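My notebook is open and I have a list of things to look up. I'll go one stop at a time and write down what I find.

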Amino acid sequence: MRMPRRAQLQTRRAQRQPAGRNHAGIESSRESEETLMDAPIRKLNRLRPARSGTNRRSETERECAAIRLERWIQVIRNHLGMDVAFVSEFGQGRRLFRWVDSCLTDCPVVQGQSDPLESTFCQRVVDGRFPELMPCVPDLPEANALSRRLQLTVGAHLSVPITLKNGDVFGTFCCYSLQPNHGLGERDLALMRAVAELVSHSIDDEREAKRHAIEARARIEHMLRSADGLRIVYQPIYNLIEERIVGYEALARFQHGPARGPDHWFAEAVACGLGPDLELKAIEIALGSLKRFPDRARVSINVSPETMLDHRLRSLLKPLPVQRIVLELTEHVATTCYAQIADALTPLRAQGMQLAVDDAGAGHSSFLHILSLSPDVIKLDIGLTRDIDRDPNRRFLATALIGFAASAGVKIVAEGVERQEELDTLKALGVQKAQGYYLGKPMTLDDALALA
């Protein structure tokens, strides 16, 4: 089959769009041991969090960073032979204990509690009234007097400021023991400073991540309110035997905000907890034009497992001719709610709606989707169809999936076809339906209707 004439017309008309698939109808660009005593500071540097251009870390990563910090505070305390170690935060004239580690049964420093900043060793170290290293507090009259006034037994004390990248003092990293320790020296203070730097990087990253999260949520909420920020394009799906269009896949395009692919928008929405909201908006726009397509043409929409379980999806589909809709499950991570998804889709599938598993061959999760949900359609991922004419391993895997589909009564659609040789190979393997830039690029509704 040569490139269909209608597809040639469409190619001239349609604006160039990035290719390649991802979550929720996304198309992107082409498809495209030393001991601690031996080397403490070197090991601390090795554990310093990587600082990317955006410093965006997931909640899990931030929790892991906090656990690492707590562990290092304990390690440093043990290494220095101190009784108490803590990280404090300054704010509103008070000192808050953020992380605390102690070997004392009745430790006077409690994580989460706070005290007046001016009455602390920490403040006096930061403003230079007390030295950072005090091996024997009783030998220093002012420090000893403060210890007595606070009714706190302090023999040795080390404290270093935690300075953020903007120059602000966040707080301090402190260690103290009940007994003096004349063995403490500058090397120990250097170790304390290394930990303080590690803490400051973590705090900076946490604050920046929160700022990014606030900005991201604002972008997604603006997109959800916008009347024209999200538009839908349609990519034709061809029957290779009959050489005609049998359906379209609806794909999201974003017109406002940062210039980036749809995959970034949907990923950001998921990170903000607004993934289903953005998907449902795209689905509503896509299916709003369903009745304008010929009855023989099905429209495919991309849906994540979370959105498939959202009651709003069923409400949206209820008044529509669902026998003309294909729900494509798009997810690159195995889900644990297959039974719930199957139950939610049973009434719709009974009315003729089809279920497709997207990106088959892209990873193990797509195979789990196939085995768990018994789809009507399996869509071969572009990673499998690209260069299939040149790569025997791709042909072997495609042959296995095609054979499985034939035995199970499931239809195959090949995605990402970009060359005649790929198309010829897929036809020879028994593929009857395909889509891709070679056959037709994503296009506006009017262009799609002109081809229908």
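**Entry 1: the end of a helix.** I started at G430, which comes right after helix α15 and has a positive phi, near 105°. A reminder to myself before going on: this is a predicted model.

Then I stepped back into the helix itself. Which residues of α15 are buried? Within its span of residues 420-429, I noted Q420, E422, L423, T425 and L426 as buried. I also looked for what covers them, and the cover includes α13 (382-385), α14 and β15.

**Entry 2: the barrel.** Two of those names led me on, so I went to the strands. How many strands make up the closed barrel? There are eight, running β9-β10-β11-β12-β13-β14-β15-β16, and the pairing is mixed.

I checked where β9 meets β16. Strand β9 (residues 230-239) and strand β16 (residues 433-434) run antiparallel and are joined by two bridges. For N239, the bridge partner in β16 is K433.

Helix α14 turned up again here. This helix covers residues 392-408 and packs on the sheet, where it touches β13 (354-360), β14 (377-380) and β15 (411-414). The direction of α14 makes about 170° with that of β14.

**Entry 3: one strand up close.** I picked β12, residues 325-329. Is this strand enclosed or open? Five of its five residues are buried, so β12 is largely enclosed by the rest of the structure. The side chains split two ways: I325, L327 and L329 point one way, while V326 and E328 point the other way. I had E328 down for a second look, and it is buried along with the rest.

Next I looked at who sits beside β12. Strand β11 (residues 298-303) pairs with β12 in the parallel sense, over five bridges. β13 also runs parallel to β12, and four bridges join the two. V326 is a handy marker for both pairings: S300 stands opposite V326, and in β13 the bridge partner of V326 is Q354.

**Entry 4: two helices packing.** I moved to helix α7 (residues 262-271) and helix α8 (residues 275-287). At what angle do they pack? I got about 140°, with the axes 7 Å apart. That makes α7 oblique to α8.

I wrote down who makes the contact. From α7 there are W265, F266, A269 and V270, and from α8 there are G275, L278, E279 and A282. Sorted by type, the contact residues are six nonpolar, one polar and one charged.

**Entry 5: cysteines.** How many disulfides are there? The count came to zero. I took C107 as my example: this cysteine is in no disulfide, and the nearest cysteine sulfur, that of C103, is 8.6 Å away. The cut-off for a disulfide is sulfur atoms within 2.5 Å, so that pair doesn't qualify.

Buried or exposed? I asked that about C107 and C136. C107 is buried, with a relative accessible area of 15%. C136 is buried as well, at 10%.

**Entry 6: a valine in a helix.** My last stop was V195, in helix α6 (residues 186-225). V195 has a relative accessible area of 1%, so I put it down as buried. I also looked at I162, which is 33 residues from V195 along the chain. The C-alpha atoms of V195 and I162 are separated by 9.0 Å.

Notes:
Residues numbered from 1 in each chain as written. Predicted model: local features only at pLDDT ≥ 70, side-chain atom pairs only at ≥ 80, totals over all residues. Heavy atoms only, no water. Axes fitted to C-alpha atoms, helices over the stretch in contact; angles between N-to-C directions. Parallel < 35°, antiparallel > 145°, perpendicular 65-115°, else oblique. Contact = heavy atoms within 4.5 Å. Nonpolar A, V, L, I, M, F, W, Y, C, P; charged D, E, K, R; others polar. Buried < 20%, exposed > 50% of the residue type's maximum accessible area, 1.4 Å probe, protein only. Pairing = 2+ DSSP bridges.
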